[in-house]
Amino acid sequence: MTTTTVDDLGVTAAGGTSVRAARRQAYMNPYLAGIGLGLTLLAAFVIMGRGLGASGAFSAVMAWIVHMVAPAHAQANEYIAGYIGDGSVSPLKSWLLFEVVGVFAGALLSGLLAHRVRWETERGPRVRVGLRMLMAFSGGLLMAFGAAFARGCTSGQALTGGALLNLGSWVFMLMVFAGGYALAYFVRWQWR
Amino acid sequence: MSAPFFKFGLFGDETSLVVAFVIGIAFGFFLERAGFGSARKLVSQFYLSDMAVFKVMFTAIVTAMLGVTYLGWIGFLDLSLVYLVPTYLAPQIVGGLVLGFGFVIGGYCPGTSVAASATGKLDGIAFVAGVFAGLFVFAEAYPLLKGFYESTPVGTVTMPQVFGLPYGLVVFAVVLMAIGGFYGASLVEKKFAAPAKE
Amino acid sequence: MKTMLSRLGLNQKLALAAFVLGVLAIAASPYRGTTATIDTKALALEVATEADHVEPLDLAAWVIAGRADYRLVDLRGEPEFGQYQIPTAEHFPLATLMEAGLGRNEKIILYSDGGVHSAQAWLLLRASGYKAAYVLEGGLDEWKEQVLFPILAEHPNDFQRARDERLKSVAAFFGGQPRTGSRGGPVAMPMPGALPAPSVVGPASPGGARPAARKKKEGC
């Protein structure tokens, strides 16, 4: 791992390079990070017999909220009821949700160690904060639909299923890249 | 001793949640290390200036795939007990496409948006909110979408089964493809290197 | 060779390692398939000590108590299962047992008409790593003898009277009818087909829906 301090995001404020920005470490060698990620995934396979995931945790929380607000409505909805089960176990007692809480903690730890934690909105120089937030929200909205249809997101389908040579996961992965590249040109203004 | 440990009953449901948290920490740590807490870094993949997404993802896939292959081969890991998501071709093709759109518009995917939120990215938090909203809308519309959601089921199949090839051969092909891809990515990055920082 | 290796950067070394591992993996077949190996001595010991059995009256008590920590598997054919099944049983004919999705860590109790099929299924499960597989002692035949149509003493003493009361209530729970007389003698046992389907009161609901409903989605 390199420990050179560079401002790799180019987000220095007009007032000059802030000390905190200057202390930000460069990101890890992608191949070493990939091996770390792969070994984490392998550990999940060996210990649990399942892979990693993320969107399932969101679904569990969503189901929990709907169940809190309108229990009858949640039970009547087949998709939500699938996360609630027979009601004997809280939907929050979900493996993926605990894993995602771990993701939050792990990312915070890594960010703190590398001096990369601070409040900011990532955007191109000509994009207002409000617009960027709207784009991020819309992206999340679309992604939820994609992940729900595909029965998983980049973690649960592409990464996990990819390593297991799952047919649907590889089809899914190709389509994610295809979709990304197809639309990239039209939203490039976000980052320029 | 045989793996997967959980499926052989080495520990129960309560302990598995602790395991989930610990594995999640490692997952989040490496996501952030790789720079995946940053939308700018992630979308660079689609502007060809930084292929880290491809590199990290395929290195992880190759690492875990080789691990699974060897551990299964020596009889330590019973691969038939590792959960495989069943394949539904049409919804997964459309889902992948839509998810790709969401990725390049929003700048994150569900896992990386959590890592971004953890490091203080406000757009990451907006993305998380968007995912919740989207899932709620999907659930509400589920009676309408169910037909498509459950269409073209293929069952739990792996690529070696589909192509009728030995498992090991497909593993080798994926490794070759990844190494070739990494080499290609380094060339592409040179060509489309990000313009000087503003 | 050494100088060549040292000239490679970290990324090239990693690529080389991946390539070598990939080449070696060509011969690999990680899925175990349908073959299994067994520890014959350990299994023989289990059989000899009858640690692999569940008594019909114990099972009856579990059903009545509504316990949910076991999976009861009926190995018989479709028509037999349709005619009568022990409450809470799930139907997996022997040929489909290995694909039934039973957990390796679940307590599985097997039964068939007699004891042969369930004993064979028990061996298959144990050989495939199912740790807690049990056979209902004597199968359905013994279930009828002991639970549905238990023999009460003709001239009970105090001890027998208490036992018979318990047997009567158990038999009544499952819709059976106690009888008196010596075992093995001519008894009027209604054929399974004529047996009224016992209605289970209590939390135990019949069929495989029970564990499936509790299980939430496993994928991402």
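**Exercise 1.** Over which residues of chain A does pLDDT stay under 50, and how many contacts beyond four places in sequence does the model have for them?

*Solution.* The structure is a predicted model, and a reading of chain A can begin with its confidence values. Chain A averages a pLDDT of 87, and 89% of the residues score at least 70. Against that average, pLDDT stays under 50 over residues 1-17 of chain A, for which the model nevertheless has 29 contacts beyond four places in sequence. Where pLDDT is low, the predicted coordinates should not be read in detail.

**Exercise 2.** Determine how many residues chains A and B each bring to their contact, and how the side of chain B divides.

*Solution.* Chain B and chain A each give 108 residues to the contact. On the side of chain B that touches chain A, 75 residues are nonpolar, 24 are polar and nine are charged.

**Exercise 3.** Carry out the corresponding count for chains C and B.

*Solution.* Here 21 residues of chain C are in contact with 27 residues of chain B. The side of chain C that touches chain B divides into eleven nonpolar, six polar and four charged residues.

**Exercise 4.** Describe the largest nonpolar core, and follow the contacts of B:Val171.

*Solution.* The largest nonpolar core has 134 residues, and those with the most contacts inside it are A:Leu41, B:Met65 and B:Val171. Helix H3 of chain B, residues 52-73, gives the most to this core, with 13 residues. Leaving aside neighbours within four places in sequence, B:Val171 is in contact with B:Met65, B:Leu66 and B:Thr69, and also with C:Gly22, C:Ala25 and C:Ala28. A second, separate core has 28 residues, among them C:Val73, C:Leu75, C:Tyr130 and C:Tyr134.

Methods:
Residues numbered from 1 in each chain as written. Chains lettered and ligands numbered in written order. Predicted model: local features only at pLDDT ≥ 70, side-chain atom pairs only at ≥ 80, totals over all residues. Core = buried A, V, L, I, M, F, W, Y, C linked by C-beta atoms within 7 Å. Buried ≥ 20, exposed ≤ 12 C-beta atoms within 10 Å, placed from the backbone. Helix = DSSP H or I, 4+ residues; strand = E, 2+ residues; numbered from the N terminus. Contact = placed C-beta atoms within 7 Å. Nonpolar A, V, L, I, M, F, W, Y, C, P; charged D, E, K, R; others polar. pLDDT = per-residue confidence, 0-100.
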